[in-house]
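The following exercises are to be worked through with the sequence and the structure at hand. Each task is followed by a solution in steps.

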Amino acid sequence: MQYLNTTATGVVKATAGTLYGVVVNSHTSGTVVFNDGAGATSAGVKATGVLTSSGVFQDTETVTVEGKTYTFVDALSGAANEVLIGVNAAASLDNFKSAVNGTAGEGSTYGTGTVAHDLVTATTNSATAQTVEAKYIGTYANAYATTETCDNVAWGAATLESGAWGAVVMENGAESSILMINTFTYTSGSGVYMFGEGISFHKGLYYTEGGTADVTIIYK
């Protein structure tokens with residue numbers, strides 16, 4: 001058995017072996033990811049799209065995100081997926097964000113019965129732009145269609161863009177996306193986390209630390 005005390009992301013072992021557990025000596029908002037591979041990691045990227053306004057929305061104009069259409073209206077009729085047009089573009093985009101995410105405002109700023117989009121989240125916005133992001137990493141969401149029927153509002157592209165899978169870049173330059181343990185958040189204080197009879201790795205063991213943590217990795 002071997003023990004590595006570390007406070008930073010890096011290679012634990014460059015060859016095959018078995019991971020048995022982690023002893024958390026101390027941490028602040030600590031998280032851990034283990035990959036089968038002895039090299040730098042990429043966590044992957046969620047595809048995004050930006051809806052930008054150069055003016056106000058008009059009654060019955062629509063915005064569609066991967067199969068779900070939102071209709072902007074001067075007054076809500078009680079139908080689902082309606083978005084109330086605000087006093088300016090910023091207010092309309094705020095209402096659109098709430099409709100996409102299914103947050104506060106149902107029945108007052110967006111239509112009753114509207115449910116959160118199951119594939120995307122509306123994230124940051126400004127007075128003139130709203131970003132929409134796929135819920136999960138990967139290239140598949142680069143095919144999510146984004147369309148509109150607006151005079152003063154447009155998407156930056158016909159689909160979401162820039163989604164990418166996570167990868168481990170090996171020392172020999174080859175790539176692998178073998179994720180052993182996805183993001184795991186430590187509970188408060190110190191603790192011991194053992195992985196049963198152990199988890200085998202074949203190309204090396206790479207540890208990615210989030211937050212601040214002092215840990216001892218148990219492996220062979």
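**Exercise 1. The surroundings of S53**

Which residue in β12 does S53 stand opposite? Place S53 in its strand, and determine whether S53 is buried or exposed.

*Solution.* The model is a predicted one.

Step 1. S53 belongs to strand β5, which covers residues 48-53.

Step 2. In β12, the residue opposite S53 is V153. Strand β12 comprises residues 153-155; β5 and β12 run antiparallel and are joined by 3 bridges.

Step 3. The relative accessibility of S53 is 8%; because buried means under 20%, S53 counts as buried.

Step 4. Neighbours within four places in sequence being set aside, S53 has contacts with A89, T128, N152 and V153. Its side chain also comes to 2.3 Å from the backbone oxygen of G55.

**Exercise 2. The two faces of β5**

Determine which side chains of β5 point to the buried face, and identify the bridge partner of T52 in β10.

*Solution.* Step 1. The general rule is that side chains in a regular strand alternate between the two faces of the sheet.

Step 2. In β5, the side chains of G49, L51 and S53 share one face and are buried. Those of T48, V50 and T52 point to the other face and are not buried.

Step 3. Strand β10, residues 129-134, is antiparallel to β5, and 5 bridges connect the two. Within β10, A129 is the bridge partner of T52.

**Exercise 3. A buried glutamate**

How far from E82 is the nearest side chain of opposite charge? Find also the polar contact that joins the side chain of E82 to that of another residue.

*Solution.* Step 1. E82 is located in strand β8, residues 82-84.

Step 2. E82 is buried and has no salt bridge. The nearest oppositely charged side chain is that of K68, at 14 Å; a salt bridge would require the charged atoms to lie within 4 Å.

Step 3. The side chains of E82 and S77 form a polar contact of 2.7 Å.

Step 4. Beyond four places in sequence, the contacts of E82 include T71, V73, Y110 and T114.

**Exercise 4. A histidine in a loop**

Is H117 buried or exposed? Identify the backbone nitrogen that lies 3.0 Å from a polar atom of its side chain.

*Solution.* Step 1. H117 is situated in the loop between α1 (89-101) and β9 (120-125).

Step 2. With a relative accessibility of 2%, H117 counts as buried.

Step 3. The backbone nitrogen in question is that of L119.

Step 4. Apart from neighbours within four places in sequence, H117 is in contact with V65, E66, K68, Y70, V100 and K135.

**Exercise 5. Positive phi angles**

Determine the phi values of T60 and S162, and locate the loop in which each residue lies.

*Solution.* Step 1. T60 has a phi near 75°, which is positive although the residue is not glycine. T60 lies in the loop between β5 and β6 (62-65) and is exposed, with 52% relative accessible area.

Step 2. For S162, likewise not a glycine, phi is positive and near 70°. S162 is in the loop between β12 and β13 (167-169) and counts as exposed at 56% relative accessibility.

**Exercise 6. Confidence in the model**

What is the mean pLDDT of the protein chain, and how many contacts does the stretch 169-174 have beyond near neighbours in sequence?

*Solution.* Step 1. The mean pLDDT of the chain is 88, with 90% of residues at 70 or more.

Step 2. Residues 169-174 have pLDDT below 50; in the model, this stretch has 10 contacts beyond near neighbours in sequence.

Definitions and conventions
Residues are numbered from 1 along each chain as its sequence is written. This is a predicted model: local features need pLDDT of at least 70, side-chain atom pairs count only at pLDDT 80 or more; totals for chains, interfaces and linings use all residues. Side-chain values use heavy atoms; hydrogens and water are left out. Helices (H or I, at least four residues) and strands (E, at least two) are DSSP runs, numbered from the N terminus. Buried means under 20% relative accessible area, exposed over 50%, partly exposed in between (1.4 Å probe, protein chains only). Contact means heavy atoms within 4.5 Å. A polar contact is a pair of N or O atoms within 3.5 Å; within protein, one must be able to donate a hydrogen and the other to accept it, and residues adjacent in sequence count only if both atoms are side-chain atoms. Lys and Arg count as positive and Asp and Glu as negative; His and the chain ends are not counted. pLDDT is the predictor's confidence in each residue, from 0 to 100. Two strands pair if DSSP finds at least two bridges between them.
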